[in-house]
Amino acid sequence: HQAVGNAQFMMQSDDFKRSLRVEDPKEKDYKKWKLKSPEEAKLIRLTVADLGFPDGATTDQIYKQADLLGLDLCEPEVGPQFRLQYKDQPLDEYVFVGMKQIPDQDGDPGVFSVGRNSYGSFLNSLWASPDSSWNAYRQFVFRPRKKPSAP
């Protein structure tokens with residue numbers, strides 16, 4: 001498994017590193033925040049068509065529909081973890097992580113792509129601006145919404 005190009009850049013970004021920590025409003029430097037505890041993440045994989053868009057949709061439309069269906073965006077670390085754990089991924093399959101976009105090395109908004117081709121399994125990124133267009137067969141993973149804890 002390897003992280004290529006923009007995925008490597010995204011994982012080195014402050015946006016990615018900040019997402020690994022528990023926010024402390026009293027501390028400005030996120031590097032001093034506590035690391036999040038590991039947790040098991042259940043993922044739901046849907047095609048753009050499964051979300052109700054047989055002719056494709058934009059990133060914003062996909063994210064809004066996922067929200068209406070009770071799904072949350074994934075934390076960015078889901079991308080690298082999914083890549084490491086998805087050992088039997090079929091050849092020529094690409095799954096995109098529904099996540100808050102992180103700027104790539106060109107400053108373009110990106111999401112992680114977990115893929116496998118004839119060269120092997122990899123983690124990459126794909127440009128995902130709010131109005132980027134996605135074909136109906138594209139697959140995304142989201143997290144089921146966490147139930148609010150009782151008061």
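This briefing walks through the core, one helix, a loop residue and two pockets of the structure above. The model is a predicted one. Its largest nonpolar core holds 30 residues, and helix 3 is among the elements that give two or more residues to that core. The largest pocket has a volume of about 600 Å³, and the second largest has about 230 Å³.

**The nonpolar core**

- A good place to start looking is the group I62, F112, W134, F140 and F142, which have the most contacts inside the largest nonpolar core.
- Three helices give two or more residues each to this core: helix 1 (5–11), helix 3 (59–68) and helix 4 (78–85).
- Strand 5 (93–97), strand 7 (109–117) and strand 10 (139–144) also give two or more residues each.

**Helix 3 and its two sides**

- Four residues of helix 3 are buried, namely T59, I62, Y63 and A66.
- Viewed down the axis of helix 3, these buried residues fall within an arc of 95 degrees, so they line one face of the helix.
- Packed against the buried residues of helix 3 you will find strand 3 (57–58), strand 4 (71–72), strand 5, strand 7, strand 9 (133–134) and strand 10.
- On the other side of the helix, K64 and L68 are exposed.
- Just past the end of helix 3 comes G70, with a positive phi of about 85 degrees.

**Two residues of helix 3 to look at**

- T59 belongs to helix 3, and T59 counts as buried because its relative accessible area is 1%, under the cut-off of 20%.
- Leaving aside residues up to four places away in sequence, T59 touches Q101, A128, S129, P130, S132 and W134.
- One of these contacts, W134, is also among the residues with the most contacts inside the largest nonpolar core.
- K64 is in helix 3 too, but K64 counts as exposed because its relative accessibility is 57%, over the cut-off of 50%.
- From C-alpha to C-alpha, K64 lies 10.0 Å from L51, and the two are 13 residues apart in sequence.

**A loop residue with a positive phi**

- D92 sits in the loop that runs between helix 4 and strand 5.
- Although D92 is not a glycine, it has a positive phi of about 65 degrees.
- D92 counts as exposed, since its relative accessibility is 52% and the cut-off is over 50%.

**The largest pocket**

- This pocket is lined by 22 residues, and the closest to its centre are E39, A41, E77, V78 and Q81.
- Helix 4 and strand 10 are the elements that give two or more residues to the lining.
- Helix 4 supplies the largest share, with six residues.
- Sorted by class, the lining of the largest pocket has 11 nonpolar, three polar and eight charged residues.
- Helix 4 and strand 10 therefore turn up in two places, since each gives two or more residues to the nonpolar core and to the lining of this pocket.

**The second largest pocket**

- The residues that line the second largest pocket are D15, R18, S19, L73, C74, E75, P76, K100, Q101 and I102.
- Helix 2 (residues 14–19) gives the most to this lining, with three residues.
- The lining of the second largest pocket divides into four nonpolar, two polar and four charged residues.
- Q101 links two topics here: Q101 is part of the lining of the second largest pocket, and Q101 is touched by T59 of helix 3.

Conventions:
Residues numbered from 1 in each chain as written. Predicted model: local features only at pLDDT ≥ 70, side-chain atom pairs only at ≥ 80, totals over all residues. Heavy atoms only, no water. Core = buried A, V, L, I, M, F, W, Y, C linked by side-chain atoms within 4.5 Å. Buried < 20%, exposed > 50% of the residue type's maximum accessible area, 1.4 Å probe, protein only. Arc of directions from axis to C-beta. Contact = heavy atoms within 4.5 Å. 1 Å grid on protein atoms, 1.4 Å probe; cavity = no way out; pocket = protein on both sides within 12 Å on 5 of 7 lines; lining within 4 Å. Points joined across faces, edges and corners; volume = space filled by probe spheres on them. Nonpolar A, V, L, I, M, F, W, Y, C, P; charged D, E, K, R; others polar.
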